[in-house]
Amino acid sequence: MSILEYNGAAIIAMSGKNCVAIASDNRLGISYQTVAMDFQKIFQMNDSLMVGLAGLASDVQTLDQLLRFRMNLYELREERQMTPRVFTNLLSTMLYEKRFGPYFCEPVIAGLDEAGKPFLSTMDLIGAQAAAKDFVVAGTCDGNLYGMCETLYKPDMDEEELFETIAQALLASVDRDALSGWGGVVHVITEKGIVSRELKGRQD
């Protein structure tokens, strides 16, 4: 088993019309043994930017704290909020710096850019970026997630339709993966703010 699969994760980000959603499961496990059902994998960086971290739980929390530190430093120096593109480049650089002893995390970045348009990106554990216009996924059931997203995704969905689509894609995918699941959480980012909802999933 890969170290990236040790704790289990499932994260999706999907774009809509002037909105973007990011969702993750809640499970924290040690291989097939469930340890907690409320483990946070998606972190808010600012009012229009969130990052999901799939991978080793200790590195997820370390990277979250490090990113907050770097974000705060940027805002103090620049006196403005970091855009999703700048944040993606920062995170990519941070991961590549540690390439010989990497953080075992695959990040998923979702946000709205300066023009209010959706921005999606993901990368591997050494910071090789892969941007997308429709959806990005990461975690132990990424094959399932890709299949569900390709089936359900439509361009230019409104906030409610986007929530319904991403929620169904996540729940259907984690039901077929033993390392992720136990419910989930969906965050929909719009120009008005962030709306978060919890999902109830199978508890087995």
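Biologist: Where is the place of Ser31 in this structure?

Modeller: In this predicted model, Ser31 is placed in the loop that runs between strand E3 (28-30) and strand E4 (33-36).

Biologist: What should I look for in the backbone of Ser31, and what is its phi?

Modeller: The general idea is that most residues other than glycine have a negative phi. Against that background, Ser31 has a positive phi of about 55 degrees, although it is not a glycine. Glu79 can be read in the same manner, for it has a positive phi of about 60 degrees and is not a glycine either. The place of Glu79 is in the loop between H1 and H2.

Biologist: How do I read the accessibility of Ser31, and is this residue buried or exposed?

Modeller: A residue counts as buried under 20% relative accessible area and as exposed over 50%, with partly exposed in between. Ser31 has a relative accessible area of 22%, and is therefore partly exposed. Glu79, with a relative accessible area of 71%, is exposed.

Biologist: Glu79 was placed between two helices; at what angle do H1 and H2 pack?

Modeller: The idea is to compare the directions of the two helix axes and then to ask how far apart those axes are. Helix H1 (residues 57-78) and helix H2 (residues 84-97) pack at an angle of about 130 degrees, and their axes are 11 Å apart. Because of that angle, H1 is oblique to H2. The crossing of these two helices is right-handed.

Biologist: Which residues of H1 meet which residues of H2?

Modeller: From H1 come Leu63, Leu66, Leu67, Arg70, Met71 and Tyr74, and they meet Val86, Phe87, Leu90, Leu91, Met94 and Leu95 of H2. Sorted by class, this contact has eleven nonpolar residues, no polar ones and one charged residue.

Biologist: How do the axes of H3 and H4 cross, if I read them in that way?

Modeller: The axes of helix H3 (residues 142-152) and H4 come within 9 Å and cross at roughly 145 degrees, and the crossing of H3 and H4 is right-handed. On the H3 side the contact is made by Asn144, Leu145, Met148, Cys149 and Leu152, which meet Thr165, Gln168, Ala169, Leu170, Ala172 and Ser173 in H4. The residues of this contact divide into seven nonpolar, four polar and no charged.

Biologist: What does Gln168 touch, when residues up to four places away in sequence are not counted?

Modeller: Leaving out those sequence neighbours, Gln168 touches Met148 and Leu152. Gln168 has its place in helix H4 (residues 159-174), and it is partly exposed, with a relative accessible area of 41%. One may also set separation along the chain beside separation in space: Gln168 and Glu191 are 23 residues apart in sequence and 24 Å apart in space, taken from C-alpha to C-alpha.

Biologist: Let me turn to Ser15; is this residue buried or exposed?

Modeller: Ser15, which lies in strand E1 (residues 10-15), has a relative accessible area of 5% and is therefore buried.

Biologist: With what does the side chain of Ser15 make a polar contact?

Modeller: For such a case one looks at the distances between polar atoms, and here the side chain of Ser15 makes a polar contact with the side chain of Tyr153 at 3.4 Å. A polar atom of the Ser15 side chain also lies 2.7 Å from the backbone oxygen of Lys133. Setting aside residues up to four places away in sequence, Ser15 touches Val20, Pro118, Leu120, Lys133, Asp134, Tyr153, Met157 and Leu162.

Key. Residues are numbered from 1 along each chain as its sequence is written. This is a predicted model: local features need pLDDT of at least 70, side-chain atom pairs count only at pLDDT 80 or more; totals for chains, interfaces and linings use all residues. Side-chain values use heavy atoms; hydrogens and water are left out. Helices (H or I, at least four residues) and strands (E, at least two) are DSSP runs, numbered from the N terminus. Buried means under 20% relative accessible area, exposed over 50%, partly exposed in between (1.4 Å probe, protein chains only). A polar contact is a pair of N or O atoms within 3.5 Å; within protein, one must be able to donate a hydrogen and the other to accept it, and residues adjacent in sequence count only if both atoms are side-chain atoms. Contact means heavy atoms within 4.5 Å. Axes are lines fitted to C-alpha atoms, for helices over the stretch in contact, and angles run from 0 to 180 degrees between N-to-C directions. Angles under 35 degrees count as roughly parallel, over 145 as roughly antiparallel, 65 to 115 as roughly perpendicular and the rest as oblique. A crossing is left-handed if the near helix is turned anticlockwise from the far one by less than a right angle, and right-handed if clockwise. Ala, Val, Leu, Ile, Met, Phe, Trp, Tyr, Cys and Pro count as nonpolar, Asp, Glu, Lys and Arg as charged, and the others, Gly among them, as polar.
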